[in-house]
Amino acid sequence: MKKEKWIIAAAAGVGIAGLAYALWPKSKIPNGAIVQPFDKHKYMGLWNEIARLPNRIEKNLKNLTEEYSLNDDGTIKVVTRAYNFDKNKPVEADGRAKFIGPDTRGKLKVSYYLPIYLDYNVLDVDATYKYAMVSGNSLDYLWIISRENSMPEDIKGRFLAKATALGFDVSKLEWM
């Protein structure tokens, strides 16, 4: 009986380790890819999603916007709005972002459901903070955002070249 319990425990341990390996990001974003210096004040305001890698979080959502504003405690309020075409209704989620390290570096974590925080890395932003490219902690999450509903071809090309150099599969991007 003792041997059976040990085998069950070992099998459970192997199963948990396998699940953790499957869920753990395989390719992390290099620290050198994150924008520094980063101006949090210029980043505040409304952003429109221009393109994204497909993901479960935003399935069936279109016309996605994110609005950022500074909280008194140094965190950032995030209001995400979109239209769910599958359910034929608008959706909204309020979140909170906080800097990981200095607030002069575009490395944050964002949470819509405390205490679960997900990585939010600003990988590129133009000089006027009108266009940006952000990612999660792996090559599975990438967004191109703009203050407008479009972006110039030269900025788009710059972002796509950088994303490709980092290892993102830009051929899978969904253009809004």
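This is a short tour of a predicted model, stop by stop.

**The whole chain**

Start with the chain coloured by secondary structure. You should find three helices and nine strands. Read along the sequence, their order is α-α-β-β-β-β-β-β-β-β-α-β. Switch to a surface view. The chain exposes about 10,700 Å², and carbon and sulfur atoms supply 58% of that area. Of the 176 residues, 39% are buried. Now consider the contacts with a separation of 6 or more: residues 24 or more positions apart account for 48% of them.

**Aromatic pairs**

Show the rings of Phe, Tyr and Trp. The chain holds eight aromatic pairs. Select Phe-38 and Tyr-129 first. Their rings form a tilted pair, 6.2 Å centre to centre, with 55° between the planes. Where in the chain do Phe-38 and Tyr-129 lie? Phe-38 is in the loop between α1 (2-23) and α2 (40-43). Tyr-129 is in the loop between β6 (116-125) and β7 (131-135). The two residues are 91 apart in the sequence, so this pair links distant parts of the chain. Both Phe-38 and Tyr-129 are buried.

Go next to Tyr-83 and Phe-85. This pair is edge-to-face, 4.8 Å centre to centre and 65° between the planes. Are its members buried or exposed? Tyr-83 counts as partly exposed because its relative accessibility is 24%. Phe-85 counts as exposed because its value is 51%, and the cut-off for exposed is over 50%.

Return to Phe-38 and widen the selection. Add Tyr-43, Trp-47, Tyr-68, Phe-99, Tyr-120 and Tyr-129. Ring pairs link these residues and Phe-38 into a cluster.

**Charges over rings**

Select Lys-98 and Tyr-117. The charged end of Lys-98 sits over the ring of Tyr-117, 4.2 Å from the ring centre. Then select Lys-156 and Trp-175. Here the charged end of Lys-156 sits over the Trp-175 ring, 4.4 Å from its centre.

**A nonpolar surface patch**

Bring the surface back and pick Ile-57, Ile-116 and Leu-118. They form a nonpolar patch with about 310 Å² of accessible area together. Focus on Ile-116, which is found in strand β6. Ile-116 counts as exposed because its relative accessible area is 55%.

**Two cis peptide bonds**

Hide the surface and show the backbone. Which residues does a cis peptide bond join? One such bond joins Gln-36 and Pro-37, with omega about 5°. Pro-37 is in the loop between α1 and α2. Another joins Leu-114 and Pro-115, again with omega about 5°. Pro-115 is in the loop between β5 (107-113) and β6.

**Positive phi**

Finish with two asparagines. Select Asn-60, in the loop between β1 (45-52) and β2 (61-70). Phi of Asn-60 is near 70°, a positive value in a residue other than glycine. Asn-60 counts as partly exposed, at 35% relative accessibility.

Move on to Asn-63, found in strand β2. Phi of Asn-63 is near 55°, also positive in a residue other than glycine. Asn-63 counts as exposed because its relative accessibility is 57%.

Note on methods. Residues numbered from 1 in each chain as written. Predicted model: local features only at pLDDT ≥ 70, side-chain atom pairs only at ≥ 80, totals over all residues. Heavy atoms only, no water. Helix = DSSP H or I, 4+ residues; strand = E, 2+ residues; numbered from the N terminus. Buried < 20%, exposed > 50% of the residue type's maximum accessible area, 1.4 Å probe, protein only. Contact = heavy atoms within 4.5 Å. Areas by Shrake-Rupley, 256 points an atom, 1.4 Å probe, with all protein chains shown as cover. Phe/Tyr/Trp six-rings, centres within 6.5 Å; stacked < 30°, edge-to-face > 60°. Lys NZ or Arg CZ within 6 Å of the ring centre and 35° of its normal. Patch = residues over 30% accessible without salt bridge, like charges linked within 9 Å, V, L, I, M, F, W, Y side chains within 5 Å. Salt bridge = Lys/Arg side-chain N within 4 Å of Asp/Glu carboxyl O.
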